[in-house]
Amino acid sequence: MSAPEIRVFNTMQQTKVPLSPITPGKLGIYVCGPTVYSFVHLGNARTFTSFDTIVRYLRFRGFEVRYVRNYTDVDDKIIKAAHDANEDPIALAARFIREFEADAQALHLLPPDVAPKVSETIPEIIAIIERLIDRGFAYASGGDVYFEVRRYPAYLKLSKKRLDDFVSGAGERELLLENKRDPLDFALWKAAKPGEPSWASPWGEGRPGWHIECSAMSAKYLGETFDLHGGGLDLIFPHHDNEIAQSEAASGKTLCNCWLHGGFLDLEGAKMSKSLGNVVRLRDALAQVDAEALRYFFLTTHYRQALSFSDKQLADAETRMEYFYETLKKVDERLEGKDFGPGPVHQDPGRFLRELDAAMADDFNFPGALGALAGLFNEMNQLTDKPPVKDKASVGRTLVALREVARQASRALGLFEDVPARWLSRRRDRQVTRYGIDPQQVEAAIAARHAARAEKTPEGFKAADQIRADLKAQRVEIMDTPQGTTWKVSAEPAS
RNA sequence: GGCGGCAUAGCCAAGUGGUAAGGCAAGGGUCUGCAAAACCCUCAUUCCCCGGUUCGAAUCCGGGUGCCGCCUCCA
């Protein structure tokens with residue numbers, strides 16, 4: 001049984017193409033990381049989660065993936081934010097890099113193999129710019145250096161725009177000529193202004209323009225041609241078009257074989273973006289909802305489609321994670337310390353993993369993979385609670401196999417990576433805090449109910465049921481199990 | 001004005017030529033002293049509208065309508 005061929009939607013060709021690594025078994029991927037002038041919001045988090053999941057899956061499939069995600073720590077916005085905060089720009093950027101790393105860890109994002117910074121790539125940036133000037137694609141002007149777009153015929157090949165559309169179009173934004181030969185030329189290097197971070201260069205003190213850093217960093221860590229380049233949809237133009245122009249004009253080689261772009265996160269019908277101001281910070285969201293629940297929520301929609309932020313859907317995602325963890329906990333308890341010996345297993349436990357693999361291989365179909373999970377967990381529950389076969393050893397062996405499939409799925413998707421009991425108790429603790437529940441009072445009520453039930457009289461049961469109803473009104477749900485009475489907090493109060 | 005995307009049940013969402021995955025919600029059932037959890041059953045003759053191609057279309061083509069995005073701040 002061979003693994004399904006991986007097909008990926010390439011923005012350049014606007015169609016799905018087979019994934020074909022430059023070096024068999026290896027993949028280099030560059031993801032445009034944050035410009036660190038403030039906290040990341042959920043829209044950013046969605047994109048990074050999508051590529052995190054893609055990297056996990058590719059590794060699950062056996063590829064040796066080199067994952068590069070940069071920090072843009074030199075930029076107009078950083079300079080402005082630093083000025084407003086009366087802080088050194090490099091220091092402000094460093095601060096927000098630390099904040100980003102804290103958020104990324106909280107979201108369970110894999111650390112990239114390399115996380116380069118613009119401020120540490122200046123020599124490489126200058127070298128590319130010099131090469132572009134030598135080759136006649138760029139010119140120095142008044143301390144700035146610009147890329148001359150009319151000299152590069154393939155310009156805009158990613159976004160499929162045409163240069164002339166910019167001139168005759170009704171774009172609201174005014175195109176400024178400044179020191180440029182053409183208003184559409186873009187800056188590779190900007191002459192320093194007082195108070196700005198700057199570096200020495202052949203054109204005087206200055207700093208890199210916005211796009212050039214990615215050309216320099218990707219070449220430095222992945223080579224002049226690499227396999228996959230990812231980012232949000234809003235980076236296609238101008239950022240990626242400009243990256244392509246710079247890199248390919250300088251090297252004469254294809255920058256990247258396949259371009260991946262993630263869809264937006266919408267809030268109330270509009271793209272969540274800092275410029276619109278309709279953002280929810282990642283850390284604020286994580287104070288309210290479990291990280292894996294947020295991840296599950298992101299995975300409920302294909303990575304290229306728009307996803308609408310919704311408290312309801314987020315709450316559903318957390319309920320779903322609870323189902324997964326409850327199931328895993330139950331199965332682990334059933335299997336603990338048991339050896340069912342060799343022998344046949346029930347049905348075909350591996351089919352769920354194949355289904356998941358097939359979905360992910362088809363342009364990373366996250367919702368399809370989640371569908372496979374539904375079958376897997378349903379079967380685990382069936383076998384633990386209501387096994388359809390009498391042979392207990394066979395059921396046990398099957399559960400062992402299914403539990404292993406769940407581990408593989410976890411590795412491929414980055415979900416339910418925690419110890420089930422720990423995740424569940426952490427969730428309860430969070431809700432106890434959120435709703436101001438007193439656990440000791442709950443335990444006391446459970447003890448009182450236990451005593452009332454022990455009477456086994458109509459009055460006793462009536463009293464026990466009243467205690468249950470009272471607790472439920474406080475969102476506390478109690479469950480009688482063979483191991484005793486446990487409780488949890490439900491999201492909704494009893495109506 | 002140019003370019004691109006989307007429209008599938010009450011809600012979320014897969015599916016791109018072969019007869020509508022999955023989740024949530026809802027209703028019924030099993031289990032339970034009562035519950036919860038879990039499991040089982042039911043829940044779109046139909047995929048925004050109108051034409052066309054085809055033995056066959058949610059899927060392809062043409063024309064509408066609506067929503068969203070990019071057009072040098074943006075994941």
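In this predicted model, let us start where two helices touch: Ala369, Leu373, Leu376, Glu379, Met380, Leu383 and Thr384 of α12 are in contact with Val395, Thr398, Leu399, Leu402, Arg403, Val405, Ala406, Ala409 and Leu413 of α13. Helix α12 covers residues 366-385 and helix α13 covers residues 392-413. How are the two helices arranged relative to each other? They are roughly antiparallel, and the crossing of α12 past α13 is left-handed.

A second pair of helices gives you something to set beside the first. Helix α9 takes in residues 291-299, and helix α10 takes in residues 311-335. With an angle of roughly 115° between the axes, α9 is roughly perpendicular to α10. This crossing is right-handed. On the α9 side, the contact is made by Glu292, Ala293, Leu294, Tyr296 and Phe297. Their partners in α10 are Gln313, Leu314, Ala317, Glu318, Arg320, Met321, Phe324 and Tyr325.

Here are the two pairs in a small table.

| Helix pair | Angle between axes | Distance between axes |
|---|---|---|
| α12 and α13 | about 155° | 10 Å |
| α9 and α10 | roughly 115° | within 8 Å |

Now for the aromatic rings. The model has 24 aromatic pairs. One of them joins Phe48 and Phe100, whose ring centres are 5.6 Å apart and whose planes stand at 90°, so this pair is edge-to-face. Because Phe48 belongs to helix α1 (residues 42-60) and Phe100 to helix α3 (residues 89-106), the pair ties together parts that are 52 residues apart in sequence. Are these two residues buried or exposed? Both Phe48 and Phe100 are buried. Elsewhere, Tyr57, Phe60, Tyr303, Phe364 and Phe366 make up one aromatic cluster.

Rings can have charged neighbours too. The charged end of Arg95 sits over the ring of Phe96, 4.8 Å from the ring centre. Likewise, Lys271 lies over the face of Phe264, at 4.5 Å from the ring centre.

Finally, take a look at helix α6, which spans residues 212-222. How many of its eleven residues are buried? The count is eight, so to speak of α6 as mostly covered is fair. The buried residues are Ile212, Glu213, Cys214, Ser215, Ala216, Met217, Ser218 and Leu222. Just after α6 comes Gly223, with a positive phi near 95°.

Notes:
Residues numbered from 1 in each chain as written. Chains lettered and ligands numbered in written order. Predicted model: local features only at pLDDT ≥ 70, side-chain atom pairs only at ≥ 80, totals over all residues. Heavy atoms only, no water. Phe/Tyr/Trp six-rings, centres within 6.5 Å; stacked < 30°, edge-to-face > 60°. Helix = DSSP H or I, 4+ residues; strand = E, 2+ residues; numbered from the N terminus. Buried < 20%, exposed > 50% of the residue type's maximum accessible area, 1.4 Å probe, protein only. Lys NZ or Arg CZ within 6 Å of the ring centre and 35° of its normal. Axes fitted to C-alpha atoms, helices over the stretch in contact; angles between N-to-C directions. Parallel < 35°, antiparallel > 145°, perpendicular 65-115°, else oblique. Left-handed = near helix turned anticlockwise from the far one by under 90°. Contact = heavy atoms within 4.5 Å.
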